[in-house]
Amino acid sequence: LWVGRADTFSKRADLCISLAERCPKLPFRMVMNNHQAEVFSQLRAIAPANVKIVEQVPYSEIEDLFFDSRVLLNTSAAEGFPNSFLQAAKYGKPIVSLDVDPGGMLDTHGCGVCAGGNLEDMAEIVETLFANHAYYSQISKRCLHYVQEFHAAKSRCKDLFDALNRLTPYELRSVA
């Protein structure tokens, strides 16, 4: 699964299509916002047969795509911390990124792999995740652990409570 807008400079949808060409036996789904009509049309025209391009997905259905995917792909030149990484990780879906690894989520926490800007390496990583079930399962478990450890609501609420206590002149009482 790849999610982003139709561009070739930031999200770099064209690189996902190039990746799909390198992995012709694997199915790719691109949820590609028609950000630039001409670029969208060009990308759709050059997409190989193993790529399904979806222009829009209702908000109520996007979670199903993450759940049903095998891997989340990212070809962005730069990112902050993409919501899509958390959406994939909460379902135990490994993330394979061409260039970005926000906060070390991939390399440090083991939620996927950053290919260091090398598209050939990215293709090899994706194929390995599809072929090696033990490797896939290991990364999948790390994704679930990462979300639980760093993004679970209960621990984030405590962090918020502590921050509010530091910022206010009044001491707040815990209701939990």
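**Helix packing and pockets in the predicted model**

Helix 1 (residues 13-22) packs against helix 5 at an angle of about 60 degrees, and the two axes sit 9 Å apart. An angle of about 60 degrees makes helix 1 oblique to helix 5. The crossing of helix 1 past helix 5 is right-handed. On the helix 1 side, the contact is made by Leu 15, Ser 18, Leu 19 and Arg 22. Their partners in helix 5 are Leu 119, Glu 120, Met 122, Ala 123, Val 126 and Glu 127. Sorted by class, this contact between helix 1 and helix 5 comes out as six nonpolar, one polar and three charged residues. All of this, like what follows, is read from a predicted model.

Helix 5 also packs against helix 6 (residues 133-151), here with the axes 5 Å apart and at an angle of about 100 degrees. Helix 5 and helix 6 are therefore roughly perpendicular to each other, since angles of 65 to 115 degrees fall in that class. Helix 5 brings Thr 128, Leu 129, Phe 130 and Ala 131 to this contact, where they meet His 133, Tyr 135, Tyr 136 and Ile 139 of helix 6. The class split for helix 5 with helix 6 is six nonpolar and two polar, with no charged residues.

Stepping back to the whole chain, the protein has seven helices and six strands. Read from the N terminus, the elements go β-α-β-α-β-α-β-α-β-β-α-α-α. The C-alpha trace spans about 60 × 40 × 30 Å along its principal axes.

Now for the pockets. The largest pocket has a volume of about 400 Å³. It is lined by 25 residues, and those closest to its centre are Val 3, Gly 4, Phe 66, Ser 84 and Gln 87. Two or more lining residues come from each of strand 1 (2-5), strand 2 (28-33), helix 3 (59-68), strand 4 (72-74) and helix 4 (83-89). As for chemistry, the lining of the largest pocket holds twelve nonpolar, nine polar and four charged residues.

The second largest pocket takes in about 240 Å³ of space. Its lining counts 14 residues, with Leu 1, Pro 27, Arg 29, Ser 69 and Arg 70 closest to the centre. At least two lining residues apiece come from strand 2, helix 3 and helix 5 (119-131). By class, the lining of the second largest pocket has nine nonpolar residues, one polar and four charged.

A few elements turn up more than once. Strand 2 and helix 3 are among the contributors to the lining of the largest pocket, and both also supply residues to the second largest. Helix 5, for its part, packs with helix 1 and with helix 6, and helix 5 gives residues to the lining of the second largest pocket too.

Technical notes
Residues are numbered from 1 along each chain as its sequence is written. This is a predicted model: local features need pLDDT of at least 70, side-chain atom pairs count only at pLDDT 80 or more; totals for chains, interfaces and linings use all residues. Side-chain values use heavy atoms; hydrogens and water are left out. On a 1 Å grid over the protein atoms alone, a cavity is a set of points where a 1.4 Å probe fits but cannot get out, and a pocket is an open set with protein on both sides within 12 Å along at least five of seven lines; lining residues have an atom within 4 Å of a point. Grid points are joined across faces, edges and corners, and a volume is the space filled by probe spheres set on the points. Helices (H or I, at least four residues) and strands (E, at least two) are DSSP runs, numbered from the N terminus. Ala, Val, Leu, Ile, Met, Phe, Trp, Tyr, Cys and Pro count as nonpolar, Asp, Glu, Lys and Arg as charged, and the others, Gly among them, as polar. Axes are lines fitted to C-alpha atoms, for helices over the stretch in contact, and angles run from 0 to 180 degrees between N-to-C directions. Angles under 35 degrees count as roughly parallel, over 145 as roughly antiparallel, 65 to 115 as roughly perpendicular and the rest as oblique. A crossing is left-handed if the near helix is turned anticlockwise from the far one by less than a right angle, and right-handed if clockwise. Contact means heavy atoms within 4.5 Å.
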